[in-house]
Amino acid sequence: MQSFSQVVPIPGKGLRKLEISAYIKSENVKGNIALWCQVKDENKKSIDFGNSDTQNHKVTLNSDWKKYSLEFIVDNDAKNFVLGGFLSGSGNVWFDDFTITEIPFSSNPASKTALKYIDEFKEIVKKKSIFRNAIDWKILQTNLTKISGDMETIEDTGPALSYIMKTLATAGDHHSFIQSKENTQEKNSSNPTAREPESQLLDQKIGYIMVPGFSSLNKEIGVAFAEKIQNMIRKLDAKNDIKGWIIDLRQNSGGNMHPMIGGLGPLTGEGILGYFVVDGKTKSPWKYQQGKITNITVPQPYTLKKPNQKIAILIGPATASSGEATAISFIGKKNAKTFGQPSAGYTSANQDFKLSDGKSLYLASSYEMDRTGKEYKEKIQPDVLITPSTDKNTDADIQKASDWILE
C-alpha cells in the first residue's frame with residue numbers, strides 16, 4: 001500500500017459541517033483508491049474517521065480527474081484533520097486541489113420519519129448506555145435538531161446517528177458500534193470470521209487449546225463450535241497423562257462469548273463464572289452447567305479426568321471484548337493464572353438492540369465482573385507480565401506458562 005497524509009488545522013468554531021474534497025485521477029490501477037481523513041482532538045487523539053469507502057463515495061478506477069469528497073460534523077473538541085489518500089495495489093494515482101469547505105446546516109426541519117428513527121436510536125442510548133450520565137442530553141438534542149435539517153428518510157439519518165456515536169466515544173465509550181442490516185443477517189446465518197479453534201500436545205504433558213474470536217449468533221453454528229473445542233479437550237485428556245492446560249486467547253478479538261466459554265466448560269468448571277454489572281449494583285451472572293451456557297448446550301459434555309490441574313490463560317493486546325470475558329471466566333479459579341500482555345480493554349458488555357430498519361446497535365450497557373467480585377472497566381492485567389521474545393522461534397508466553405505448569 002502507498003499512502004500520504006498532511007495535518008491541517010480545522011477551521012471555524014462551534015458545531016459545523018465540513019466538506020473535504022479533492023480531485024483524483026488514475027491509470028493502470030489494479031486495487032483500490034481512497035480519499036481518507038482522521039479527526040484529532042487537542043491531545044492528538046482520533047475522535048472520528050472516514051474514507052471514500054466508508055462514506056459511500058468509492059473512487060472510480062482508471063478515470064480522468066474527478067472530484068470526490070468526505071463530510072464530517074465537528075465541534076470545538078476537533079482541532080486538526082489528518083487527511084490524505086492511498087493506493088492499495090498497483091498503478092498510478094494523482095491527488096490534487098484539496099479544499100475544506102463549511103456547509104451550512106439546513107433550516108428546514110426533518111421529516112417525521114427521520115425524527116422518529118433518530119429519537120428511537122437516541123432513547124436506547126439514553127436509557128441503556130453505561131456512559132449515559134457523562135452526556136449533556138440537552139446539548140445533544142439541540143445539536144441533533146441542527147444536524148437533522150432536511151433529512152427525509154431513514155437512510156438520510158446517518159450523520160445524526162454518527163454524531164450520537166461520536167458523543168458516546170467522547171464520553172469514554174470505545175466499544176459500541178452500529179452493524180448494518182446485511183452484517184446482522186450474516187451473523188444470524190453464518191460465522192463471518194470463520195477461524196477454527198486449534199489444539200496440540202506440548203512437551204508430551206500439556207494440553208494446548210487456541211480459541212479464536214467467534215462472531216456468529218446462529219445457535220446451531222455456536223453449538224458446533226463449542227462441541228469442537230470440547231472434543232479437542234476430550235481427545236487430549238483421554239489419550240495423554242496431562243499435567244496442565246494452556247488456553248490461548250491472544251488472537252481472540254471477541255464476538256459471541258457463549259460458544260467460546262461453552263467449549264471451554266470442562267476447564268472453567270461448573271457454576272457462576274462471571275457477572276454483567278450495571279451501575280456497580282445490578283449483577284447478572286453467566287454460568288456453565290452440565291454443558292450449557294445460555295442458549296448453547298453441548299451434547300455429551302466432557303468432564304476432565306483430573307479437574308484440579310493448573311490452567312494458564314494467555315492474553316495480549318488483541319484479546320478483546322468477548323475474548324476478555326472468556327479470560328475473566330477463569331480469573332479467581334484457584335488453579336488458573338493469566339500470562340502475557342494487558343488485554344485490549346473492551347471489558348464492557350455490548351447488548352444487541354435491533355433497530356426498525358434491520359440494523360443493530362451493539363451498545364455497551366454493562367461492565368464485567370469475575371467470580372471473586374472484581375469489576376473490570378479497563379484492560380485485564382496478566383498475573384505474569386511477559387516481555388515478548390525477540391526470537392521469532394520462541395514463544396515467551398507459552399514457555400513461561402509451561403514452566404509454571406511443570407514446576
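**Notes on the aromatic pairs and a charged patch**

1. Searching the whole structure turns up seven aromatic pairs. Please keep in mind as you read that this is a predicted model. Two of the pairs are described below, one edge-to-face and one stacked.

2. Let's begin with Phe4 and Phe98. Their rings make an edge-to-face pair, with 6.2 Å from centre to centre and 85 degrees between the planes. The angle is over 60 degrees, so the pair counts as edge-to-face. This contact links distant parts of the chain: Phe4 belongs to strand E1 (residues 2–9) and Phe98 to strand E5 (residues 80–103), and the two are 94 residues apart.

3. How accessible are the two partners? Phe4 has a relative accessible area of 37% and is partly exposed. Phe98, at 30% relative accessibility, also counts as partly exposed.

4. The second pair joins Phe177 and Tyr362, and here the rings are stacked: the centres are 5.0 Å apart, with 10 degrees between the planes. That angle is under 30 degrees, which is why the pair is called stacked. It too connects distant parts of the chain, with Phe177 in strand E6 (residues 177–179), Tyr362 in strand E17 (residues 360–370) and the two positions 185 residues apart.

5. Is each ring of the stacked pair buried or partly exposed? Phe177 is partly exposed at 32% relative accessibility, whereas Tyr362 is buried, with a relative accessible area of 9%. The cut-off for buried is under 20%, so Tyr362 falls within that class.

6. Coming back to Phe4, you may like to look at its wider surroundings. Which residues form a cluster with Phe4? Phe95 and Phe98 do: together with Phe4 they make up one aromatic cluster.

7. Now for the charges. Asp150, Glu152, Glu155 and Asp156 come together on the surface as a patch of negative charge. Asp150 sits in the loop that runs between helix H2 (137–147) and helix H3 (158–171). With a relative accessible area of 40%, Asp150 is partly exposed. Membership of a patch requires over 30% relative accessible area, so Asp150 meets that condition.

8. Finally, some overall context for your own view of the model. The protein chain contains nine helices and 19 strands. Its C-alpha atoms fill a box of roughly 70 × 50 × 40 Å along the principal axes. Of its 407 residues, 48% count as buried, and Tyr362 is one of the buried residues.

Notes
Residues are numbered from 1 along each chain as its sequence is written. This is a predicted model: local features need pLDDT of at least 70, side-chain atom pairs count only at pLDDT 80 or more; totals for chains, interfaces and linings use all residues. Side-chain values use heavy atoms; hydrogens and water are left out. Patches are made of residues with over 30% relative accessible area and no salt bridge: like charges are joined within 9 Å, nonpolar side chains (Val, Leu, Ile, Met, Phe, Trp, Tyr) within 5 Å. Accessible areas come from the Shrake-Rupley method with a 1.4 Å probe; for residues, only the protein chains shown count as cover. A salt bridge is a side-chain nitrogen of Lys or Arg within 4 Å of a carboxyl oxygen of Asp or Glu. Lys and Arg count as positive and Asp and Glu as negative; His and the chain ends are not counted. The place of a charge is taken as NZ of Lys, CZ of Arg, CG of Asp or CD of Glu. Helices (H or I, at least four residues) and strands (E, at least two) are DSSP runs, numbered from the N terminus. Buried means under 20% relative accessible area, exposed over 50%, partly exposed in between (1.4 Å probe, protein chains only). Rings of Phe, Tyr and Trp (its six-membered ring) pair if their centres lie within 6.5 Å; planes under 30 degrees apart count as stacked, over 60 as edge-to-face and the rest as tilted.
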